Amino acid sequence: MKTAIVNKIIPFSNVDGPGNRTAIFFQGCSFACLYCHNPETIHLCRHCGECVEQCPVNALSMKNGKVVWDDEICCECDTCIKVCPHLSSPKTKLMKVADIVEYIKPHVAFIEGITVSGGECMLQADFLLELFKEMKKMGLTCLIDSNGTVDFRKHTSLLDISDGVMLDVKAFDNDFHRQICKYDNLSVKQNLDYLQSIHKLLEVRTVLLPNQDEQNEATVNYVSKCLKEGITYKLLRFRPYGVRFEGVEYFGKESVSEEYAEKFKNIVLKNGHNDIIIV
Ligand code: SF4
Ligand code: SF4
Ligand code: SF4
């Protein structure tokens, strides 16, 4: 049975897709966004051991060259992820599909479905296929929250069984995309078109960045002009919480205001797309 490294599971979430859902965050990402709110999900742990001594309750230790996390005594202070120089976390778990099934069983009556996220969950596409098959047997819906780097055209079986994709479109301009995410956006644009064409696109999200009026406008224009009716466009106001120093330096410490976001909402409406939410 396949395994995957899981950063965390939130049993009940109402911000990861419609209804009450269990959100599963996989470790490892194909981007390294300057404004990432969960930068500890970006890389796999290198087992350098630098966080071990910093743990105030000795929940971390080294065994056979690998860091071991004792979740029974961890007090969730997050010191380890703050001191990790590699944008990683020692608080991950190697899980089988069966482990996740066991975790979810007691919650089934209270949730509509699951959402897989990250990091970038599509890096674990084969694992997701097995997982979704099990979730469907339990009567749950399965949503994918993706940054759009992996080519969805190569994962038609997964898409067939899934109930939809929530896709990040971080920037229209490729040079700017490379600047803020470290990688280009060609696959993101391709996936946007493809997922719409097969009616699997549920939602698109763009973070409105401070001090980036032109880039925000270009992205919002691009997305709102190509989105079909019925697909939600979510404009996320930048907030500095959780963002590592490099990102805060680049964007500034201020959150994007509601008024600033309204300006971009009006662009979306002017372009004829009415399904728009500011978060
Ligand atoms: S794609 Fe998401 S998880 Fe990955 S680095 Fe960017 S913001 Fe963070
Ligand atoms: S979490 Fe970071 S600091 Fe800790 S062992 Fe892994 S790579 Fe090193
Ligand atoms: S979050 Fe847990 S493992 Fe990490 S430093 Fe705090 S107590 Fe230790």
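At 48% relative accessibility, Glu-76 falls in the partly exposed class, and in this predicted model the residue adopts a positive phi of about 55° although it is not a glycine. Glu-76 belongs to the loop that runs between strand E4 (66-69) and helix H1 (79-83). A second non-glycine residue with a positive phi of about 55° is His-47, which is placed in the loop between strand E2 (21-26) and strand E3 (60-63). With a relative accessibility of 27%, His-47 likewise counts as partly exposed, since the partly exposed class covers what lies between the buried limit of under 20% and the exposed limit of over 50%.

His-47 is also one of the residues that surround ligand 2. The remainder of that shell is made up of Cys-45, Arg-46, Cys-48, Gly-49, Glu-50, Cys-51, Cys-84, Pro-85, His-86, Ser-89 and Pro-90; by class, six residues of the shell are nonpolar, four are polar and two are charged. Around ligand 3 there are 14 residues, of which Cys-55, Cys-74, Cys-77, Asp-78 and Cys-80 come nearest. The shell of ligand 3 comprises 10 nonpolar residues, one polar residue and three charged residues.

A further backbone feature is the cis peptide bond that joins Gly-118 and Gly-119, for which omega is about 15°. Gly-119 is located in the loop between strand E6 (113-117) and helix H3 (125-137).

With regard to the overall fold, the chain contains nine helices and 11 strands. For 279 residues, a compact globule would be expected to have a radius of gyration near 19 Å, and the value for the chain is 19 Å, which agrees. Along the principal axes, the C-alpha atoms occupy a box of roughly 60 × 45 × 30 Å. Buried residues constitute 51% of the 279 residues, and the chain exposes about 13200 Å², of which carbon and sulfur atoms supply 51%. Among the contacts with a separation of 6 or more, 67% are accounted for by residues 24 or more positions apart.

Helix H6, spanning residues 186-197, has 12 residues and reaches 17 Å from its first C-alpha to its last, close to the 16 Å expected at 1.5 Å a residue. The buried residues of H6 are Ser-187, Val-188, Asn-191, Leu-192, Tyr-194, Leu-195 and Gln-196. An α-helix has 3.6 residues a turn, so residues three or four places apart point the same way. The cover over the buried residues of H6 includes helix H4 (156-161), strand E8 (164-168), helix H5 (174-181), strand E9 (201-208) and helix H7 (213-226). Just after H6, His-199 takes a positive phi of about 60°.

Helix H7, which is included in the cover of the buried residues of H6, also contains Asn-216. Asn-216 has a relative accessible area of 3% and is therefore buried. When residues up to four places away in sequence are not counted, Asn-216 touches Val-207, Leu-208, Leu-209, Tyr-260 and Phe-264. The C-alpha atoms of Asn-216 and Thr-206, which are 10 residues apart along the chain, are separated by 8.5 Å.

Definitions and conventions. Residues are numbered from 1 along each chain as its sequence is written. Chains are lettered from A and ligands numbered from 1 in the order in which they are written. This is a predicted model: local features need pLDDT of at least 70, side-chain atom pairs count only at pLDDT 80 or more; totals for chains, interfaces and linings use all residues. Side-chain values use heavy atoms; hydrogens and water are left out. A residue is near a molecule or strand if one of its heavy atoms lies within 4 Å of it. Ala, Val, Leu, Ile, Met, Phe, Trp, Tyr, Cys and Pro count as nonpolar, Asp, Glu, Lys and Arg as charged, and the others, Gly among them, as polar. Helices (H or I, at least four residues) and strands (E, at least two) are DSSP runs, numbered from the N terminus. The expected span of a helix is 1.5 Å times one less than its number of residues. Buried means under 20% relative accessible area, exposed over 50%, partly exposed in between (1.4 Å probe, protein chains only). Contact means heavy atoms within 4.5 Å. The radius of gyration is taken over C-alpha atoms; the globule rule is 2.2 Å times the number of residues to the power 0.38. Accessible areas come from the Shrake-Rupley method with a 1.4 Å probe; for residues, only the protein chains shown count as cover.
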